[in-house]
Amino acid sequence: MDSILIAMILALLIPMYEACRNNDIWQQMLAFGSIATKTSIIMLFIAVLRDDWMIGVISVIILSVGNAGLMLLAHLIKGLNET
Amino acid sequence: MTDNYVYIIVALLPITALMSVLQVNPYNALIIRGILGAVSVMIYAVLGAADVALTEALVGTMLGVALYVIAVRSSFVMRLGIVEPKLEPEPKLELELALAIKQRKIRESEELHENFSFIRQTLFRDFEIEPKTYLPEVIDGIRKIVKKHYLRLELVKYPNSEMLEEALACEEVHAICTRQENHSNGSTVLSDRISVRVHRLFEILQSQLNIPDSIIEYKAGSNKEEKH
């Protein structure tokens, strides 16, 4: 199971590299969304692995709220580019 | 708790922190701050602090970044004062006058035409029509330069040049752009004069703005402390 988790963490490095390399703000937003989802899924996986439902509930909340925050941020940046 | 993957997850935090520090553009740095928040949420949750993770996700990642974007957006701005070109007299009124002339069918009457111009003068005497007092190229040039420094250019319009000067003195705007006539060698040359109140902006504009017939000058404000 640890090897699967390490593979997931390595997959997390791909959008991180993309966010570091690319200077386009929308590409970075995409990378942010990708990382936010991936971290939540990793947390959910660890929660199931440890049979710890407290972390599981938190990861589900973060999975939903993180997307809402991302949409808010995207809206603000869109308004910024228009003016 | 001594699983090996915990060390790998914790190692992600300094990587994202370094990415955030190395970013130059403030908006991109804020997005990297969001990534840093997501990674730290994962670390807190993996280490067993579910409440801290939830707080970091709600406050640190969502609310903090959104508020910082609004703050950066409203503060990274250069306010440039210009004189708004005067409004032309309403064409509707002129049309009505012309229609009145037509309806009376006194087309050849020069007298009425004189009256017409007299009415126009008296009606719109207050609206003295000034020439266009700024060049779009100058504004575009300034906008391009300040964009390199992640600033926004906000145009503040004033009805006349006295109010423009007063706005610069009262520190309402960071710079003003006026057009003036120079009489040299018998010919009139129009030149744009940009007066900047903030010294750093003056340095930036002086080194990078190369538009012919434009003068950039630095006018220190009433108090020596620079406000951005």
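# Notebook: helix packing in chains A and B

**Entry 1, α2 against α3 in chain B.** I began with helix α2 (residues 26-46) of chain B and helix α3 (residues 50-75) of chain B, whose axes come within 8 Å and cross at roughly 175°. An angle over 145° counts as roughly antiparallel, and α2(B) and α3(B) are therefore roughly antiparallel to each other. I noted that this is a predicted model, and kept that in mind for the entries below. On the α2(B) side I listed the residues that make the contact, among them P26(B), Y27(B), L30(B), R33(B), G34(B), V41(B) and Y44(B). On the α3(B) side the contributors include A50(B), V52(B), E56(B), G60(B), V65(B), Y68(B) and V72(B). Sorted by class, the residues of this contact of α2(B) with α3(B) come to 15 nonpolar, 5 polar and 2 charged.

**Entry 2, confidence.** I then looked up how far the prediction can be trusted, and found ipTM 0.92 and pTM 0.73 for the model. Chain A has a mean pLDDT of 87, with 99% of its residues at 70 or more; among its elements, α3(A) has the lowest mean, 85, and α2(A) the highest, 91. For chain B the mean pLDDT is 78, and 73% of the residues reach 70 or more. Within chain B, confidence is highest in α2(B), at 91, and lowest in helix α5 (residues 110-123) of chain B, at a mean of 63. Where pLDDT is low, the predicted coordinates should not be read in detail, and I made no entry on the contacts of α5(B).

**Entry 3, the interface from the side of chain A.** I counted 32 residues of chain A in contact with 31 residues of chain B. The elements of chain A that give two or more residues to this side are α1 (2-21), α2 (25-50) and α3 (53-82). The largest share, 14 residues, comes from α3(A). By class, the side of chain A that touches chain B has 25 nonpolar, 6 polar and 1 charged residues.

**Entry 4, α2 of chain A against α2 of chain B.** Are these two helices parallel or antiparallel? Their axes lie 10 Å apart and α2(A) and α2(B) pack at an angle of about 5°; angles under 35° count as roughly parallel, and α2(A) and α2(B) are therefore roughly parallel to each other. From α2(A) the contact draws on residues including I25(A), M29(A), F32(A), I35(A), T39(A) and I46(A), and from α2(B) on residues including Y27(B), I31(B), G34(B), V39(B), M42(B) and V46(B). The residues of this contact divide into 17 nonpolar, 4 polar and no charged.

**Entry 5, α3 of chain A against α2 of chain B.** I next followed α2(B) to α3(A): the axes of these two helices come within 11 Å and cross at roughly 175°, which makes α3(A) roughly antiparallel to α2(B). The contact is made by I55(A), I58(A), S59(A), I62(A), G66(A), L73(A) and I77(A) of α3(A), together with Y27(B), G34(B), A38(B), V41(B) and A45(B) of α2(B). Here the classes are 9 nonpolar, 3 polar and no charged residues.

**Entry 6, two single residues.** V39(B) lies in helix α2 of chain B, and I asked whether V39(B) is buried or exposed. V39(B) has 24 other C-beta atoms within 10 Å and is therefore buried, the cut-off being 20 or more. Beyond its sequence neighbours up to four places away, V39(B) touches T39(A), L12(B), L13(B) and T16(B). The C-alpha atoms of V39(B) and T16(B) are separated by 8.0 Å, although the two residues are 23 apart along the chain. S34(A), found in helix α2 of chain A, has 19 other C-beta atoms within 10 Å and is partly exposed. S34(A) and A11(A) are 23 residues apart in sequence and 10 Å apart in space, C-alpha to C-alpha.

**Entry 7, chain B as a whole and its helix α8.** I recorded 8 helices and 5 strands for chain B, in the order α-α-α-β-α-α-α-β-α-β-β-α-β along the sequence. Of its 228 residues, 25% count as buried. In helix α8 (residues 199-208) of chain B, L201(B), F202(B) and L205(B) are buried; seen down the axis of α8(B), the buried residues fall within an arc of 100°, so they line one face of the helix. The face of α8(B) turned away from that buried side carries the exposed residues H199(B), R200(B) and S207(B).

Notes:
Residues are numbered from 1 along each chain as its sequence is written. Chains are lettered from A and ligands numbered from 1 in the order in which they are written. This is a predicted model: local features need pLDDT of at least 70, side-chain atom pairs count only at pLDDT 80 or more; totals for chains, interfaces and linings use all residues. Two residues are in contact if their C-beta atoms, placed from the backbone, lie within 7 Å. Ala, Val, Leu, Ile, Met, Phe, Trp, Tyr, Cys and Pro count as nonpolar, Asp, Glu, Lys and Arg as charged, and the others, Gly among them, as polar. Axes are lines fitted to C-alpha atoms, for helices over the stretch in contact, and angles run from 0 to 180 degrees between N-to-C directions. Angles under 35 degrees count as roughly parallel, over 145 as roughly antiparallel, 65 to 115 as roughly perpendicular and the rest as oblique. A residue is buried if 20 or more other C-beta atoms lie within 10 Å of its own, exposed if 12 or fewer, and partly exposed in between; C-beta atoms are placed from the backbone. pLDDT is the predictor's confidence in each residue, from 0 to 100. The arc is that of the directions from the helix axis to the C-beta atoms.
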